Amino acid sequence: MDTLKTFPRQKLPALLQALPKAELHVHIEGTLEPELIFTLAQRNNVALPYPDVEALRAAYAFTDLQSFLDIYYAGAGVLLHEQDFFDMAMAYFHRAAADGIVHAELFFDPQTHTARGVPMATVILGLARACDTARAELGVSSALILCFLRHLSEAEAFQTLENALPYRQHFIGIGLDSGERGNPPEKFARVFARCRELGLRIVAHAGEEGPAQYISDALDLLGAERIDHGVRCVEDPQLVQRLARDRIPLTVCPLSNVKLRVFDTMAAHNLAVLLDAGLCVTINSDDPAYFGGYLNQNLLEAFQALPQLDARHAVQLARNSIDASFTSDADKARWHNQLARAVEQTWLD
């Protein structure tokens with residue numbers, strides 16, 4: 001760490017690129033780039049309400065979470081066959097490998113697809129095949145986390161869980177996403193209790209557009225092991241102390257936060273405040289096709305806008321991501337060794 005105190009700021013971009021890291025908050029449907037949307041639409045004979053890629057990308061002018069979700073769900077309509085889900089995930093994995101991501105835990109929203117008549121098996125088996133291929137061909141390990149859509153009912157979440165259980169070997173955990181407003185964690189307490197009984201890992205979106213209380217409720221009522229976003233925890237000092245004391249990870253997504261007006265600008269983001277409070281913060285891309293950048297772009301823009309962040313923060317964020325992942329101790333030790341070598345090599349270059 002002594003080396004990091006004097007690490008040249010001009011080398012920070014190279015360090016951010018070189019560090020091995022885990023991505024723990026990425027919605028695989030949110031990696032669907034406009035070019036691939038048009039490719040899949042043509043392949044599957046799906047009509048799009050946009051004449052070309054440029055027009056679709058121009059529509060990515062969101063004012064809040066709901067305005068984003070509307071176009072997000074529309075874009076997912078081109079995903080119909082197992083190969084579509086495989087192709088989407090592999091496109092993400094290639095970008096992940098280029099960003100130095102050694103492990104990714106992918107959120108997927110089966111209800112977005114089963115509501116359109118796409119079988120659960122089509123979704124899960126396409127994604128699982130991509131995970132296997134990415135490990136074999138790219139050296140990127142991964143896992144799948146099934147998310148319930150919180151704007152739908154708990155009964156629908158229970159049904160989704162039952163439909164997914166025949167494919168239980170392909171996913172490791174359960175998450176909760178979609179719009180927070182009017183959909184508190186308590187709405188899903190019973191289905192998450194069932195998920196814990198099944199031995200599934202638990203994460204939940206909370207404290208993005210919802211209040212700090214939703215973070216506490218996600219921990220206490222759902223049994224969340226990680227909080228996705230969580231940036232509004234600072235509204236409750238006791239909660240901040242709890243998160244720091246218990247090393248509960250926050251999977252923060254800076255570009256998403258700015259795009260959806262959680263913060264007006266990147267310079268106004270509270271990332272440095274969270275780190276200085278001793279929280280286990282990780283950086284992630286959320287829905288990178290829609291929000292303007294994958295994991296390394298999130299890091300670069302945050303470090304450019306927040307000059308108080310330095311090499312020590314960069315290394316801590318990478319370490320946190322490895323520690324917060326749902327992987328083996330052996331994998332974590334290997335990646336920590338890679339991290340130490342990356343710091344040394346970047347310093348020497």
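1. Start with helices H6 and H8: they cross in a right-handed way (right-handed means the near helix is turned clockwise from the far one by less than a right angle, left-handed anticlockwise). H6 covers residues 82-98 and H8 residues 120-138, and their axes come within 8 Å, crossing at roughly 35°. Axes here are lines fitted to C-alpha atoms, for helices over the stretch in contact, with angles from 0 to 180 degrees between N-to-C directions. Helices (H or I, at least four residues) and strands (E, at least two) are DSSP runs, numbered from the N terminus.

2. A word on what you're looking at: this is a predicted model, where local features need pLDDT of at least 70 and side-chain atom pairs count only at pLDDT 80 or more, while totals for chains, interfaces and linings use all residues. Residues are numbered from 1 along each chain as its sequence is written, and side-chain values use heavy atoms, with hydrogens and water left out.

3. Back to that first pair. Among the residues making the contact (heavy atoms within 4.5 Å) are Phe85, Phe86 and Phe93 of H6, and Leu125, Leu127 and Ala130 of H8. By class, the contact has 14 nonpolar, 5 polar and 2 charged residues. H8 also lies across strands S2 (101-108) and S3 (141-149), at about 155° to S3.

4. Now the sheet. It's an open one of 8 strands, ordered S1-S2-S3-S4-S5-S6-S7-S8, with parallel pairing; two strands pair if DSSP finds at least two bridges between them. S1 (21-27) and S8 (281-283) are the edge strands, each pairing on one side only. On average, neighbouring strands are turned by 25° against each other, direction ignored.

5. For a closer look at one pairing, try S5 (residues 201-206) and S6 (residues 226-229): they run parallel and are joined by 4 bridges. Ala204 has Ile227 in S6 as its bridge partner.

6. Helix H16 (residues 295-305) lies across S1, S2 and S8, running at about 105° to S1.

7. Another helix pair to check is H11 (residues 212-221) with H12 (residues 237-245), whose axes come within 10 Å and cross at roughly 40°. That makes H11 oblique to H12. The crossing is left-handed, and the residues in contact include Ile215 and Leu219 of H11 and Leu239 and Leu243 of H12.

8. Finally, His313 sits in helix H17 (residues 311-324). His313 counts as buried because its relative accessibility is 16%. Not counting residues up to four places away in sequence, His313 touches Leu275, Asp276, Phe303 and Gln308.

Conventions: Nonpolar A, V, L, I, M, F, W, Y, C, P; charged D, E, K, R; others polar. Buried < 20%, exposed > 50% of the residue type's maximum accessible area, 1.4 Å probe, protein only. Parallel < 35°, antiparallel > 145°, perpendicular 65-115°, else oblique.
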